[in-house]
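Got the viewer open and the selection tool handy? Let's take a walk through this model, one selection at a time.

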Amino acid sequence: DDGLDLVAVVYADHQRANAPQGGEIIEFAANAGAQWILWDTFDKSAGPLTALLTFHELLLQLSLARDAGLFTVVAGGLRAE
C-alpha cells in the first residue's frame with residue numbers, strides 16, 4: 001500500500017468543464033476502485049456549488065455514492081448558512 005487513494009471529482013458545473021454528470025462519475029469511480037468522490041466547482045466564477053446543484057440533487061448523488069461504498073467530500077465555495 002502506497003498510502004494513496006483515488007479520488008473522483010463531480011463538477012457541479014460539469015457542462016463548463018466538459019465533464020460527465022454526477023451519476024456517471026459515481027458509477028465510474030465505484031468501478032475504477034476509487035475510495036473517495038469529491039463534489040466541487042470547475043469554474044470558480046460560476047458561483048458556489050449550491051447555486052449549481054439543488055439540495056435534492058446533491059443529496060441524491062451523495063446517497064448513490066455512499067451506497068456504492070465511496071467516501072464523500074463536498075466543496076465549492078460553501079458557506080455555513
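Which glycine follows α4, and what is the sign of its phi? Select glycine 69: it comes after the helix, and its phi is positive, near 85°. Keep in mind throughout that you are looking at a predicted model.

**Stop 1: the helix before that glycine**

Now select α4, residues 55–67. Try a quick ruler check: with 13 residues at 1.5 Å a residue, α4 should span 18 Å, and its end C-alpha atoms are indeed 18 Å apart, so the two agree.

Next, show the side chains of Leu58, Gln61, Leu62 and Ala65, which are buried in α4. They sit on the same side of α4, because the arc they cover around the axis is only 100°. Spin the view to the face turned away from that buried side, and you meet His56 and Asp67, both exposed.

What do the buried residues of α4 pack against? Their partners are β1, α2, β2, α3 (49–52) and β3.

**Stop 2: the sheet**

Hide the helices for a moment and colour the strands. There are 3 of them in an open sheet, ordered β1-β2-β3, with parallel pairing. The edges are β1 and β3, each of which pairs on one side only. On average, neighbouring strands are turned by 20° against each other, direction ignored. Bring α2 back: this helix packs on the sheet, where it touches β1 and β2, and its direction makes about 175° with that of β1.

Zoom in on the strand pairs:

- β1 with β2: a parallel pair held over 5 bridges. To find one of the partners, select valine 9 and look across to leucine 38 in β2.
- β2 with β3 (residues 71–74): also parallel, over 4 bridges. Here, tryptophan 36 has phenylalanine 71 in β3 as its bridge partner.

Is β2 mostly covered or mostly open? Mostly covered, with 4 of its 5 residues buried.

**Stop 3: tryptophan 36**

Stay in β2 and pick tryptophan 36, which is found in that strand. Tryptophan 36 has 29% relative accessibility, so this residue counts as partly exposed. Turn on contacts, skip residues up to four places away in sequence, and you get two stretches of chain: Asp5, Leu6, Val7 and Ala8, then Leu70, Phe71, Thr72 and Val73. For a distance, pick the C-alpha atoms of tryptophan 36 and valine 9: 27 residues apart along the chain, they are separated by 8.6 Å.

**Stop 4: the core**

Bring everything back and go inside. How many residues does the largest nonpolar core have? It has 15, and those with the most contacts inside it are Ile26, Ala29, Ile37, Trp39, Leu58, Ala65 and Leu70. The elements giving two or more residues to this core are β1 (7–11), α2 (22–32), β2 (36–40) and α4 (55–67).

Centre the view on alanine 65. Leaving aside neighbours within four places in sequence, alanine 65 is in contact with Ile26, Ile37, Trp39, Leu70 and Thr72.

**Stop 5: loops and the α1 region**

Head for the loop between α1 (14–17) and α2, where asparagine 18 lies. Asparagine 18 has a phi near 55°, a positive value in a residue other than glycine. That's worth a pause, because most residues other than glycine have a negative phi. Asparagine 18 is exposed, with a relative accessible area of 72%.

Now select histidine 14, in helix α1. Buried or exposed? Histidine 14 is buried: its relative accessible area is 15%, and the cut-off for buried is under 20%. Not counting residues up to four places away in sequence, histidine 14 touches Ala19, Pro20 and Gln21.

Last selection: glycine 33, in the loop between α2 and β2. With 36% relative accessibility, glycine 33 counts as partly exposed. Draw one more distance, from the C-alpha atom of glycine 33 to that of threonine 72: the two residues are 39 apart along the chain, and the separation is 14 Å.

Technical notes:
Residues are numbered from 1 along each chain as its sequence is written. This is a predicted model: local features need pLDDT of at least 70, side-chain atom pairs count only at pLDDT 80 or more; totals for chains, interfaces and linings use all residues. Side-chain values use heavy atoms; hydrogens and water are left out. A nonpolar core is a set of buried Ala, Val, Leu, Ile, Met, Phe, Trp, Tyr and Cys residues joined through side-chain atoms within 4.5 Å. Buried means under 20% relative accessible area, exposed over 50%, partly exposed in between (1.4 Å probe, protein chains only). Contact means heavy atoms within 4.5 Å. Two strands pair if DSSP finds at least two bridges between them. Axes are lines fitted to C-alpha atoms, for helices over the stretch in contact, and angles run from 0 to 180 degrees between N-to-C directions. The expected span of a helix is 1.5 Å times one less than its number of residues. The arc is that of the directions from the helix axis to the C-beta atoms.
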